[in-house]
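Thank you for making time this morning. I would like to walk you through one structure, going from its strands to its charged pairs, its cores and a few backbone details.

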Amino acid sequence: TTKSFYLDVFGAMLTKTQNLSEDKFGQLESVILDGLESRQIMIFPIGGTDLPNIVATGWNGDLKPASCLGSVVCVTDTVYAVSSNVGINKANSSVDQKMLVDISLSASTVETSLSIVFKNKAQGNTWPLGNYKNYLRFYIPKDSKIKRVVVNDKALGPENIRTTLTEEFMEVGILVNIPAGQQTPVGINFSRDLPEAGRFGYSLSLPNQPGLESGTPGVTVRYPPIWLAQTAKPAAVAAAGLLRYNGDISKPFKVSVDFLKHD
């Protein structure tokens, strides 16, 4: 069974570590910790075992809303894109993706646009590659107002969009086909209300999908130039009304900004 397979693998790993030198063991600890922090390694309980400390660190892979630190009034965005190969091939192994996130804040709303360009590098439909049938899910804040979902620059109708509310998120699912040797742009645009408070914190979280290790998501935050903005995370580009960041698709990306509105 799958459970016994995992136990056998874990047992073999433990046996192997018994003969490691102190230096090698330290290197192994660093690799494991980096994998846990980057969500490339996860720890799951077996048989109903409770692991509260693991849950608190997020090492169990749970998807949680973003949070603000130190801000009394806080607006959070968590945007998570999950790809699933629903075809009978292994085309996803030859697919690259480029992600861009654009955040635009005004006096009363924040509008979020997420765009992903999928590029299928397969040459022809020879097994195990070929067309990539991707059931793509976006997890966005539960109170989001979806403005549009697009594939190949064409807005999808409600009949092609599956929307489900979870305990903490809105799940938006669509089916996307990326033909071999071609690329397909996909996007979602949604908005949320901003608080009336003159000062507030905004936090964006982009959890990474485990298994994806190449790509640099770009994040742009736009706001009225007369506002004051303060962020602890250095921006690649900073100008009046604009902050731009470069992320890493192989690990979670977060950015928090404190804003002071001016009329």
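**Strands, charges and cores**

Let me begin with a strand pair: β3, which covers residues 95–105, and β4, which covers residues 109–120, run antiparallel to each other and are paired over 11 bridges. Within that pairing, V95 sits opposite N120 of β4. Please keep in mind throughout that what is on the screen is a predicted model.

These two strands belong to a wider arrangement, an open sheet of 8 strands with mixed pairing, whose order reads β7-β6-β10-β4-β3-β12-β15-β14. The edges of that sheet are formed by β7, residues 154–155, and β14, residues 237–239, each of which pairs on one side only.

Now to the charged side chains. How many salt bridges does the model contain? The count comes to 7, and I will go through some of them.

The side chains of D77 and R192 form a salt bridge, with a distance of 2.8 Å from N to O. Because D77 belongs to strand β1, residues 74–78, and R192 to strand β10, residues 183–193, this pair ties together parts that lie 115 residues apart in sequence. Are these two partners buried or exposed? D77 counts as buried, at 0% relative accessibility, and R192 also counts as buried, at 11%.

R192 has another partner, since its side chain also meets that of D143 in a salt bridge, again listed at 2.8 Å from N to O. Here the link is between distant parts of the chain, 49 residues apart, with D143 in the loop between β5 (132–141) and β6 (145–151) and R192 in strand β10. D143 is partly exposed, with a relative accessible area of 46%.

A further salt bridge joins the side chains of D193 and K145, at 3.5 Å from N to O. This pair, too, links distant parts of the chain, with D193 in strand β10 and K145 in strand β6, 48 residues apart. D193 is exposed, having a relative accessible area of 53%, while K145 counts as partly exposed at 43%. Looking at shared partners, the salt bridges join D77, D143 and R192 into one network.

Let me turn to the nonpolar side chains. Which members of the largest nonpolar core touch the most other members? That core has 42 residues, and the ones in question are L105, L114, F138, L204 and F259. If we take F259 and set aside residues up to four places away in sequence, F259 touches a set of residues that includes L105, G198, R199, F200, Y202, V221, Y223 and W227. Apart from the largest core lies another one, of 5 residues, among them L63, V82, Y139 and F169.

There is also nonpolar surface to consider: F5, Y6, V9, F10, M13 and L14 make a nonpolar patch of about 630 Å². F5 is placed in helix α1, which spans residues 2–17.

I will finish with the backbone, starting in the loop between β4 and β5, where P128 lies. W127 and P128 are joined by a cis peptide bond, with omega at about 10 degrees. A122 is found in the loop between β4 and β5 as well, and A122 counts as buried, at 2% relative accessibility. Leaving aside neighbours within four places in sequence, A122 is in contact with S94, L129, G130, A180 and G181. By contrast, the C-alpha atoms of A122 and I103 are separated by 33 Å, although these residues are 19 apart along the chain.

Which residues in the loop between β6 and β7 have a positive phi without being glycine? One is N152, placed in that loop, with a phi of about 55 degrees, and N152 is partly exposed, with a relative accessible area of 40%. Another is D153, found in the loop between β6 and β7, where phi is about 65 degrees; D153 counts as exposed, at 69% relative accessibility.

That is where I will stop, and I am happy to go back to any part of the model for discussion.

Terms used: Residues are numbered from 1 along each chain as its sequence is written. This is a predicted model: local features need pLDDT of at least 70, side-chain atom pairs count only at pLDDT 80 or more; totals for chains, interfaces and linings use all residues. Side-chain values use heavy atoms; hydrogens and water are left out. A nonpolar core is a set of buried Ala, Val, Leu, Ile, Met, Phe, Trp, Tyr and Cys residues joined through side-chain atoms within 4.5 Å. Buried means under 20% relative accessible area, exposed over 50%, partly exposed in between (1.4 Å probe, protein chains only). Contact means heavy atoms within 4.5 Å. Patches are made of residues with over 30% relative accessible area and no salt bridge: like charges are joined within 9 Å, nonpolar side chains (Val, Leu, Ile, Met, Phe, Trp, Tyr) within 5 Å. Accessible areas come from the Shrake-Rupley method with a 1.4 Å probe; for residues, only the protein chains shown count as cover. A salt bridge is a side-chain nitrogen of Lys or Arg within 4 Å of a carboxyl oxygen of Asp or Glu. Helices (H or I, at least four residues) and strands (E, at least two) are DSSP runs, numbered from the N terminus. Two strands pair if DSSP finds at least two bridges between them.
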